[in-house]
Amino acid sequence: MGTSKATYTVTRSTHVEAPPETVQALIVDLRRWQAWSPWEDLDPQLQRTYGGADAGVGAWYEWRGNRKAGQGRMEIVEASDRHVTIDLRFVKPFRSESTTRFDLTSDAGATLVTWTMTGPQTVASRLMGIFTSMDRMIGPDFEKGLARLKTTAEDDAAGPA
């Protein structure tokens with residue numbers, strides 16, 4: 001699903017039984033992505049570098065891994081109680097730039113989390129699009145990540161066992 005032939009958009013949502021601030025804390029602290037990111041298990045030897053702010057705007061994370069994990073960088077460019085926007089740049093397996101946004105909607109002590117990625121259709125993504133859409137390629141990863149985020153946030157909200 002895309003907004004035009006020049007861009008793509010992938011969106012997935014889940015309902016989390018935890019307050020928005022609990023969910024937001026897991027997103028704005030890039031070190032905490034290890035607990036829920038769908039890509040963390042692609043390379044057990046993944047090299048990670050963190051910099052900038054500890055959390056929120058200015059926090060960044062670079063990774064370098066095997067062929068599946070690739071190489072790239074993400075930086076939080078906007079953060080509030082209701083959304084977090086991340087500039088995402090891949091270097092390998094192919095160069096690409098996209099914007100990732102998490103929207104958090106409060107719902108009686110719970111949170112609706114919507115994860116959206118938009119970006120330009122590059123030559124590489126157009127070639128891949130011949131075989132599959134970006135939605136089919138990335139959507140299952142978002143679903144896996146949101147399921148992990150849900151479990152982690154609900155565990156955090158429940159407190160120590």
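Reader: Hey, quick one to start: which elements do the buried residues of α1 pack against?

Author: They pack against β1 (7-16), β4 (71-79), β5, β6, β7 and α3. Keep in mind that this is a predicted model.

Reader: Okay, and which residues of α1 are the buried ones?

Author: Pro20, Thr22, Val23, Gln24, Leu26, Ile27 and Val28. That makes seven of the nine residues in the helix, which runs over residues 20-28, so α1 is largely enclosed by the rest of the structure.

Reader: Let's zoom in on Val23. What does Val23 touch?

Author: Setting aside residues up to four places away in sequence, Val23 touches Val16, Ala18, Leu104, Thr111, Val113, Leu149 and Ala153.

Reader: And which residues touch the most other members of the largest nonpolar core?

Author: Val23 again, along with Ile27 and Phe102. The core has 32 residues. Two or more residues come from each of β1, α1, β3, β4, β5, β6, β7 and α3.

Reader: Which of those gives the most?

Author: That's α3, with six residues in the core.

Reader: Let me step back a bit. How many helices and strands are there in the protein?

Author: Three helices and seven strands. Going along the sequence, the pattern reads β-α-β-β-β-β-β-β-α-α.

Reader: How much of the protein counts as buried?

Author: 40% of its 161 residues. As for the outside, the protein exposes about 8,600 Å², and carbon and sulfur atoms supply 53% of that.

Reader: What about contacts between residues far along the chain, what share joins residues at least 24 apart?

Author: 50%, if you take the contacts between residues at least 6 apart in sequence.

Reader: Got an example of two residues like that?

Author: Try Thr11 and Thr118: they are 107 residues apart along the chain, yet their C-alpha atoms are separated by 8.8 Å. Thr11 sits in strand β1 and is partly exposed, with a relative accessible area of 25%.

Author: Ser98 and Thr7 make another pair, 91 residues apart along the chain with 9.7 Å between their C-alpha atoms.

Reader: Where's Ser98, and is it buried or exposed?

Author: Ser98 is in strand β6. Its relative accessibility is 5%, and buried means under 20%, so Ser98 counts as buried.

Reader: Who does Ser98 contact, then?

Author: Leaving out neighbours within four places in sequence, Ser98 is in contact with Tyr8, Ile86, Asp87, Leu88, Met117, Thr118 and Gly119.

Reader: Switching topic: how much space lies in the largest pocket?

Author: About 670 Å³. It is lined by 29 residues, and the closest to its centre are Trp39, Lys68, Ala69, Phe90 and Asp141.

Reader: What kinds of residues make up that lining?

Author: By class, there are 20 nonpolar, six polar and three charged residues.

Reader: And where do they come from?

Author: β3 (60-64), β5 (83-92), β6 (96-107), β7 (110-120) and α3 (134-158) each supply at least two residues of the lining. The largest share is from α3, with four residues.

Reader: Now the loops. What's up with phi of Ala108?

Author: Phi of Ala108 is near 50 degrees, a positive value in a residue other than glycine. Ala108 lies in the loop between β6 and β7. At 81% relative accessibility, Ala108 counts as exposed.

Reader: What about the loop between α1 and β2, where is Gln34 in all that?

Author: Gln34 is in that very loop, the one leading to β2 (47-51) from α1. Its relative accessibility is 40%, so Gln34 counts as partly exposed. Apart from neighbours within four places in sequence, Gln34 is in contact with Glu40, Arg48 and Tyr50.

Reader: And Gln45, buried or exposed?

Author: Exposed, at 62% relative accessibility. Gln45 is found in the loop between α1 and β2 as well.

Reader: How far is Gln45 from Arg64?

Author: From C-alpha to C-alpha, 9.1 Å in space, and in sequence Gln45 and Arg64 are 19 residues apart.

Technical notes
Residues numbered from 1 in each chain as written. Predicted model: local features only at pLDDT ≥ 70, side-chain atom pairs only at ≥ 80, totals over all residues. Heavy atoms only, no water. 1 Å grid on protein atoms, 1.4 Å probe; cavity = no way out; pocket = protein on both sides within 12 Å on 5 of 7 lines; lining within 4 Å. Points joined across faces, edges and corners; volume = space filled by probe spheres on them. Nonpolar A, V, L, I, M, F, W, Y, C, P; charged D, E, K, R; others polar. Buried < 20%, exposed > 50% of the residue type's maximum accessible area, 1.4 Å probe, protein only. Contact = heavy atoms within 4.5 Å. Core = buried A, V, L, I, M, F, W, Y, C linked by side-chain atoms within 4.5 Å. Areas by Shrake-Rupley, 256 points an atom, 1.4 Å probe, with all protein chains shown as cover.
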